[in-house]
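This briefing covers one protein–DNA model, grouped by topic. Please read it alongside the sequence and the coordinates.

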Protein chains: 2
Amino acid sequence: MTSPTTSIRIEPLKVACSSCNLRELCLPLGLSQPDLERLDRLVDARRHVARGAALFRAGDGFHSLYAVRTGFFKTCVSAEDGRDQVTGFQMAGELLGMDGISTDRHSCDAVALEDSQVCVIPFAELEDLSREFTDLQRQFHKIMSREIVRDHGVMLLLGSMRAEERLAAFLLNLTQRLQSRGFSPSALVLRMTREEIGSYLGLKLETVSRTFSKFQDDGLLEVKQRHIRITDQDGLRRLVNGPNC
Amino acid sequence: MTSPTTSIRIEPLKVACSSCNLRELCLPLGLSQPDLERLDRLVDARRHVARGAALFRAGDGFHSLYAVRTGFFKTCVSAEDGRDQVTGFQMAGELLGMDGISTDRHSCDAVALEDSQVCVIPFAELEDLSREFTDLQRQFHKIMSREIVRDHGVMLLLGSMRAEERLAAFLLNLTQRLQSRGFSPSALVLRMTREEIGSYLGLKLETVSRTFSKFQDDGLLEVKQRHIRITDQDGLRRLVNGPNC
DNA sequence: CGCTGCGTTGACGCCAATCAACCGATGTGG
DNA sequence: CCACATCGGTTGATTGGCGTCAACGCAGCG
């Protein structure tokens, strides 16, 4: 983190990628200064999404990717019969909308779980720019690939873990991502309901609630509504890695 | 399908993308003739993978993507404690290896389920070429995005469907992909074991076997070892879409 | 103040996992 | 060629984990 005070910029409203404190987590990662400045010009629009509102919905035309600046999102897909499944939770610096590239329509909903702000990245222009700048192209490909790898991890979780392991893995994943954003690794506030956690983990909300209570009884964490304090991170890790040892 | 006999080409061994019968399913989809010829030069190597052998393994360095020419693959990820999860089955025209882009190492194994052949696509050169040709860039992005969308569908399956629905959805997906490759929509030969199907669907092999038997009893299909004949496709569809109507 | 949404907890039931036996197909070496 | 081992698959009996149903508590809010 280089000091932002070395040059004082008079851009209180427009926050550029090049000076964004998320640039090490987001699309700009690894870009050179000239590339960054071009990216700045591409990403000019910002959009506020109120808590509960959708950034996009399945079926909407796809034009842009979105980088979360502030706030918290969930994405979910639904089957014809109404069943739906939360496929992910996104926080600052993470990209939304890549599902839309394949058919030029979004295939899932992205809903803000708190008042949020996103940077709008017009996709056609991103493709143009990434034909000019190898680093940007490379970084974008890495981000898409990372999403695929993440999804495979979720499949492993859904396909082969039991309730306790799923919730432990979920909490560890959340705290790790929060920690890399400068937050405490032990205290967190859940932005989503038990039902949304359950949907993501393939469990019912009652099971999520019971498992939280069990973790509390076992001295792994303290639960007060959505406020969680992890008191035994290693205990959680043991749950995930070696359920039988 | 334009007739391949209009111009007789003397390339019995080297099969070019431009004349490959999979080009409408694979990376070349939608490319113009000049683009196709450049792609031909890029994709020159082929590789045979014997049944049971790995095309790559988790941890291997990433250099290339692979397009399945003939044969059948599974990909699987494993947890530290040895549990593993089949994340997909790939057939002719489908791309393997995109998991490796994010960290320059593969994060899953790709294993041939029968003697197979793949086209090797050096990734650095693919990136170079896709900086020149918009259509190729666009097509590659669509393929990665399609993989993400597919993964979300699997999450929905794993997170919210019961055993019968999972297997029905799996069979319908397989037959649909086989059909788009010119095979019968009703008769298929499974390339994978009950255990591999179970791993993919988050079920134990006994449950897969029992569910096959149940489907047979219900007159939905005929099972003879790995040979399946679907006799009531609509019945399967009803199982997937409206479990309660 | 009652309403509503979210969370917790208990009782019970069911679906799929587990454990186990058995079968057929395939392959192998004496 | 056959005895034997191995692997994949089927089926049955039983168990257990999680879903279902229901009651209740609590916080926020009009």
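Helices (H or I, at least four residues) and strands (E, at least two) are DSSP runs, numbered from the N terminus. With that numbering, A:Lys74 sits in strand E3 (residues 64-78) of chain A. The model is predicted: local features need pLDDT of at least 70, side-chain atom pairs count only at pLDDT 80 or more, and totals for chains, interfaces and linings use all residues. Residues are numbered from 1 along each chain as its sequence is written, chains are lettered from A and ligands numbered from 1 in the order in which they are written, and side-chain values use heavy atoms, with hydrogens and water left out.

**Relation of the two protein chains**

- Two copies of a chain are related by a rotation about an axis and a shift along it.
- A turn of 180° and a shift of 0.0 Å along the axis lay chain A on chain B with an RMSD of 0.0 Å, which is the relation of a two-fold axis.
- In chain A, A:Arg131 has the C-alpha nearest the axis, at 2.1 Å.
- The superposition is by least squares on the C-alpha atoms of residues with pLDDT of at least 70 in both copies.

**Annotated domains of chain A**

- UniProt, in an unreviewed entry, lists "domain: Cyclic nucleotide-binding" at residues 27-97 of chain A.
- Residues 27-97 of chain A are 14% helix and 45% strand, and their end C-alpha atoms lie 13 Å apart.
- The UniProt record, again an unreviewed entry, gives "domain: HTH crp-type" for residues 161-234 of chain A.
- Residues 161-234 of chain A are 54% helix and 15% strand, with end C-alpha atoms 18 Å apart.
- UniProt positions are in the numbering used here, feature names are shortened, and annotations may be inferred rather than shown by experiment.

**Helix H3 of chain B**

- H3(B) covers residues 134-160, and its 27 residues should span 39 Å at 1.5 Å a residue; the end C-alpha atoms are 39 Å apart, which agrees.
- The expected span is 1.5 Å times one less than the number of residues.
- Because 19 of its 27 residues are buried (under 20% relative accessible area, with exposed meaning over 50% and partly exposed in between; 1.4 Å probe, protein chains only), H3(B) is largely enclosed by the rest of the structure.

**Surface near DNA strand C**

- DNA strand C is surrounded by 17 residues, each with a heavy atom within 4 Å of the strand.
- The closest are A:Arg194, A:Ser209, A:Ser213, B:Ala163 and B:Thr207.
- By class, this surface near DNA strand C has 4 nonpolar, 5 polar and 8 charged residues. Ala, Val, Leu, Ile, Met, Phe, Trp, Tyr, Cys and Pro count as nonpolar, Asp, Glu, Lys and Arg as charged, and the others, Gly among them, as polar.
- Helix H6 (205-217) of chain A and helix H6 (205-217) of chain B each supply at least two residues, and H6(A) gives the most, with 5 residues.
- Sugar or phosphate accounts for 64% of the atoms of DNA strand C within 4 Å of the protein, and bases for the rest.
- Phosphate oxygens of DNA strand C lie 2.8 Å from a polar side-chain atom of A:Arg194 and 3.1 Å from a side-chain N or O atom of A:Arg226.
- A side-chain N or O atom of B:Arg210 is 2.8 Å from a base oxygen of DNA strand C.

**Surface near DNA strand D**

- Around DNA strand D there are 16 residues, of which A:Thr207, A:Arg210, B:Arg194, B:Ser209 and B:Ser213 come nearest.
- This surface near DNA strand D divides into 3 nonpolar, 5 polar and 8 charged residues.
- Of the atoms of DNA strand D within 4 Å of the protein, sugar or phosphate makes up 61%, and bases the rest.
- Phosphate oxygens of DNA strand D are 2.2 Å from a side-chain N or O atom of A:Thr207 and 2.8 Å from one of B:Arg194.
- H6 of chain A and H6 of chain B are the elements that give two or more residues to this surface near DNA strand D; H6(B) has the largest share, 5 residues.

**Individual residues**

- A:Lys74 is buried, with a relative accessible area of 14%.
- The side chains of A:Lys74 and A:Glu196 are joined by a polar contact of 3.0 Å. A polar contact is a pair of N or O atoms within 3.5 Å; within protein, one must be able to donate a hydrogen and the other to accept it, and residues adjacent in sequence count only if both atoms are side-chain atoms.
- A:Gln225, in the loop between strand E8 (221-224) and strand E9 (227-230) of chain A, has a phi near 55°, a positive value in a residue other than glycine.
- A:Gln225 is exposed, at 67% relative accessible area.
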